[in-house]
Amino acid sequence: MTELEERLLRENWLRVQEEVHQACVQARRDPDSVKIVGVTKYVDAHTTLCLARAGCTALGENRPQLLWQKHQHFAEQGATEDVQWHMIGHLQRNKIRRTLQCKPIIHSIDSERLLEAISKESAAQQFVTDVLLEVNISGDSDKTGMTKEQILQLIENHLDTGVRVRGLMAMAGWGTDVESARNHFEQTRELRDQLETRFGIALPELSMGMSGDFPAAIAAGATLVRIGSRLFQGILDRD
Ligand SMILES: *Cc1c(COP(=O)(O)O)cnc(C)c1O
């Protein structure tokens with residue numbers, strides 16, 4: 001990274017924080033109730049570390065191998081303590097063990113089998129992994145995540161051992177218009193409320209909203225917004 005790029009990155013981070021803050025004010029929500037997860041899948045480990053040093057210490061990756069690489073790079077640079085990793089993409093079961101060494105919050109639980117496997121491995125490594133259930137609220141077959149019915153079933157069957165289910169994750173999808181994104185997020189929050197009532201459990205986290213739709217997600221109750229491209233404007237599109 002050039003010095004100019006580092007400066008741009010810091011400015012982008014400040015601007016994104018400001019916009020998230022504004023969205024909270026507009027939604028009459030406490031700005032401290034929303035955390036920005038900086039999605040760093042677009043950039044290398046060094047740029048990711050620059051972002052963390054600028055103050056963005058919740059970092060999201062959608063591919064296990066890149067998460068491992070960056071986690072390793074941070075360790076080599078002596079920068080692990082303040083960073084919380086977030087796994088936001090599909091996790092194959094054969095990659096669980098290595099992934100758990102990074103102690104991530106896993107947003108993308110998309111099957112009961114995956115949840116059980118993470119639970120078992122976490123228990124074996126003697127810690128508890130915080131997870132979110134990825135919901136496909138519209139039921140579109142080309143979207144990732146579980147249907148409402150699958151989620152009900154999963155919670156009914158699940159025994160808390162190595163994992164703690166903290167909430168839901170949803171994606172409106174790229175190119176969705178704001179109105180349908182808003183609808184999508186509202187439905188996700190409603191499902192969360194229903195699950196809490198029905199099972200008498202607390203599901204405080206809602207991971208929803210990306211660069212293009214985070215204000216709508218915040219208005220609907222998001223507690224974790226996953227923002228990538230906005231952070232790297234002017235950096236990715238050079239060359
Ligand atoms: C890439 C990605 C994001 C970030 O998207 P941007 O539009 O770049 O902000 C958020 N969530 C998931 C699951 C992603 O894969």
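## The ligand and a helix pair

Let's start with the ligand: one of its nitrogen atoms sits 2.9 Å from an N or O atom in the side chain of arginine 226. That is a polar contact, meaning a pair of N or O atoms within 3.5 Å. This is a predicted model, where local features need pLDDT of at least 70, side-chain atom pairs count only at pLDDT 80 or more, and totals for chains, interfaces and linings use all residues. Residues are numbered from 1 along each chain as its sequence is written, and side-chain values use heavy atoms, with hydrogens and water left out.

Here are two contacts made by ligand oxygen atoms:

| Residue | Partner atom | Distance |
|---|---|---|
| Tyrosine 42 | N or O atom in the side chain | 2.4 Å |
| Glycine 228 | polar backbone atom | 2.8 Å |

On its own the ligand exposes 390 Å², and the protein buries 96% of that (Shrake-Rupley areas, 1.4 Å probe). Around the ligand there are 13 residues, the closest being Lys41, Tyr42, Ser211, Gly228 and Ser229 (a heavy atom within 4 Å).

Now for the helices, which are DSSP runs of H or I with at least four residues. Helix H2 (residues 45–54) and helix H3 (residues 64–76) have axes that come within 10 Å and cross at roughly 65°; axes are lines fitted to C-alpha atoms over the stretch in contact, with angles from 0 to 180 degrees between N-to-C directions. Where do they meet? Ala45, His46, Thr48, Leu49 and Ala52 in H2 touch Lys70, His73 and Phe74 in H3 (heavy atoms within 4.5 Å).

How values were computed. Polar contact = N/O pair within 3.5 Å; in protein donor to acceptor, adjacent residues only side chain to side chain. Helix = DSSP H or I, 4+ residues; strand = E, 2+ residues; numbered from the N terminus.
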